[in-house]
Amino acid sequence: MSTDLTASKSSLDPSFFSHNPATGVEVARYPDSTKADVDLAVAKAKIASHSWQALGFRARRKVLLKWAKYLTDHIDEGAWWIYEETGKPESDAKLEFTLAIGHLGWAAKNASLILSEQRRSPGLLMANMSATVERLPYGVVGVIGPWNYPVFTPMGSIAYSLAAGNTVVFKPSEFTPGVGVWLTESFAKVSPLPNIFTVVTGQRDTGRFLTESAVDKISFTGSTRTAKKVAASCAERMTPVVLECGGKDAALVDHDADIKRAAENILWSGLSNAGQTCIGAERVYVHEKVADRFIEEITALAKQVKVGVHYGPATMPSQLKVIAEHIADAKAKGGTFKLGGPESVGEKYVQPVIITNLDESSRAIQEETFGPTLVINRVRDMKEAINLANGTNYGLGAAVWSRRNGENIASQLRSGMVSINSVISFAAVASVPFGGVKESGYGRIHGPEGLLEFTYPRSIVRARFQMPMGFTTFRRSRFADRLIIRLIKLLHGRSIG
Ligand code: NAD
């Protein structure tokens, strides 16, 4: 089916707007892109993908590093958009930008090394062949993003896709369209070609249209609930998909942990960005020997947190209801409120909440709360902590605090990422993959795996010379049959040991 690249009725009328969740003031209006708009953007990106791919690694690296410099030079401007549309503190918005730029630089510099052609051994039976594997970009990658880290999270797909030679059509969250538009405009300033990285603004349906379009891969970041719809939609066209979904990350604190440091970092992990961090701590399992000290320390620190300064409002108003429900459920199930309670959920902001001794079946332990709340439960030993940490449907990240047993505990956690004596550090190390297991999703962004994710392997096997006897012919002789059986017996028929 061909797409008319010039005419399409739409939507170019700005029809929905983003607003500052702290003030409620409108930030800007954007088109609610229709199916025709999305198909048009994808068709243009598909045409552009041939030229982008033809540029090769070296030229793409140059463009991407130029973009990294542009973003660095204009970090205040970009951070302003994040601040306006999410309400997070400006310093957090800048930190987010710096991490995203770090990934962009890494992907640009490492794509050629990771994705260059590899020679493989053909094996004894096929010794007359040379075998190579190439990594080819898919073509157009559709990136669907969330609002909580509107630059950092999609950049993990955008930078790695572009570096691998794909073009990208980006659908930012309906809460942060301005950030998405600003990002694509900044890329256009350094790009030698049009339509390499473009945006389609819109609401949920626009995201759905992208999954139904002629994109060659979808990289989705958002809730598990939406991820399941995205995967189902992509299945219709067999479009491969990366799903970066929700989490219920646990922090495990052993008896030999540096308690002060653990408390300070876990508090930040759980409460910063108003708790709206997919890899933020939502549960803590602390060894009973140090539990009192830890709870006392973290509660004292939490009392010093200034809401509106250290973190902003809930970006998505509907999340306030979920947070309130989890707190109410915890109260009903007999949890001890060390700090805050149902009254902590305001009209825009949520005050810090610390709950201890909570039943493991509670919603605040099993479901993603996405608010500035922490549940802290005592454990007899780290074996119990590991079992409980592994006891939800999610498996995104985790943090372990122990002077001596960090690696041992980490190796038993069923999650895509673990930080030891630190929190969320894996997100900032560009050379390691990012992603989850179970209902936290599949596929990887970041690191070599993130580059490989946006390419497919193509195997090329070439006959260097012809064997005197052929096996792939109807004229295959009985001698050839016997020879191949003898060879395979020689290679694999001996006793193992
Ligand atoms: P969401 O699922 O509501 O929306 C994400 C994006 O999907 C938005 O752009 C939305 O418009 C789009 N969308 C909605 N319905 C769609 C459909 N049917 N088809 C295609 N696209 C559709 O998520 P959110 O509220 O924006 O983000 C918060 C969630 O994201 C949390 O669960 C958080 O844990 C998760 N998250 C995960 C990661 C990660 O890397 N694993 C990172 C950040 C956020």
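Student: Let's start with the strands. Which residue stands opposite Ser-419 in β17?

Tutor: Keep in mind that this is a predicted model. Strand β16 (residues 397-401) runs parallel to β17, and four bridges join them. Opposite Ser-419 in β17 stands Ala-399.

Student: And along β17, which side chains are buried?

Tutor: The side chains of β17 (residues 417-420) alternate between two faces. Val-418 and Ile-420 point to one face and are not buried. Pointing to the other face, and buried, are Met-417 and Ser-419.

Student: What does the side chain of Ser-415 reach?

Tutor: Ser-415 is found in the loop between α13 (406-410) and β17. It has 19% relative accessibility, and the cut-off for buried is under 20%, so Ser-415 counts as buried. At 3.1 Å, its side chain reaches the backbone oxygen of Met-417.

Student: Moving to β10, is it enclosed or open, and why?

Tutor: Asp-249, Ala-251 and Val-253 point one way from β10, while Ala-250 and Leu-252 point the other way, and all are buried. That makes five of the five residues of β10 (residues 249-253) buried, so the strand is largely enclosed by the rest of the structure.

Student: Which residue of β11 does Val-253 stand opposite?

Tutor: β10 pairs with strand β11 (residues 281-287) over five bridges. The pairing is in the parallel sense. The residue opposite Val-253 is Val-286.

Student: There's also an open sheet with β4 in it. What is its strand order, and which strands stand at the edges?

Tutor: This sheet has three strands with antiparallel pairing, in the order β3-β4-β20. β3 (118-120) and β20 (455-463) each have a single partner strand, so one side of each is left without a neighbour in the sheet. Neighbouring strands are turned by 30 degrees against each other on average, direction ignored. So the edge strands are β3 and β20.

Student: How many bridges join β4 to β20?

Tutor: Strand β4 covers residues 129-137 and runs antiparallel to β20. Within this pairing, Pro-137 stands opposite Thr-455. The number of bridges joining the two strands is nine.

Student: How many residues of helix α5 are buried?

Tutor: α5 (residues 177-190) has 14 residues and reaches 21 Å from its first C-alpha to its last, close to the 20 Å expected. Among its buried residues are Trp-182, Leu-183 and Phe-187. The helix is mostly covered, and the count of buried residues is 11 of 14.

Student: How many disulfides does the structure hold?

Tutor: Cys-234 is buried at 0% relative accessibility, but its sulfur is 12 Å from the closest cysteine sulfur, in Cys-245, which is too far for a bond. Cys-245 also counts as buried, at 6%. The sulfur of Cys-245 is 9.8 Å from its closest cysteine sulfur, in Cys-278, again too far for a bond. The total of disulfides is zero.

Student: Last one, on the ligand. How far from a ligand oxygen atom is the polar side-chain atom of Thr-226?

Tutor: There are 29 residues around the ligand, and those that come nearest are Glu-174, Ser-223, Thr-226, Cys-245 and Glu-368. The backbone takes part too: an N or O atom of Gly-145 lies 2.8 Å from a ligand oxygen, and a polar backbone atom of Gly-222 is 3.3 Å from one. For the polar side-chain atom of Thr-226, the distance to a ligand oxygen is 2.6 Å.

Methods: Residues numbered from 1 in each chain as written. Predicted model: local features only at pLDDT ≥ 70, side-chain atom pairs only at ≥ 80, totals over all residues. Heavy atoms only, no water. Expected span 1.5 Å × (residues − 1). Buried < 20%, exposed > 50% of the residue type's maximum accessible area, 1.4 Å probe, protein only. Pairing = 2+ DSSP bridges. Axes fitted to C-alpha atoms, helices over the stretch in contact; angles between N-to-C directions. Disulfide = S-S within 2.5 Å. Near = heavy atom within 4 Å. Polar contact = N/O pair within 3.5 Å; in protein donor to acceptor, adjacent residues only side chain to side chain.
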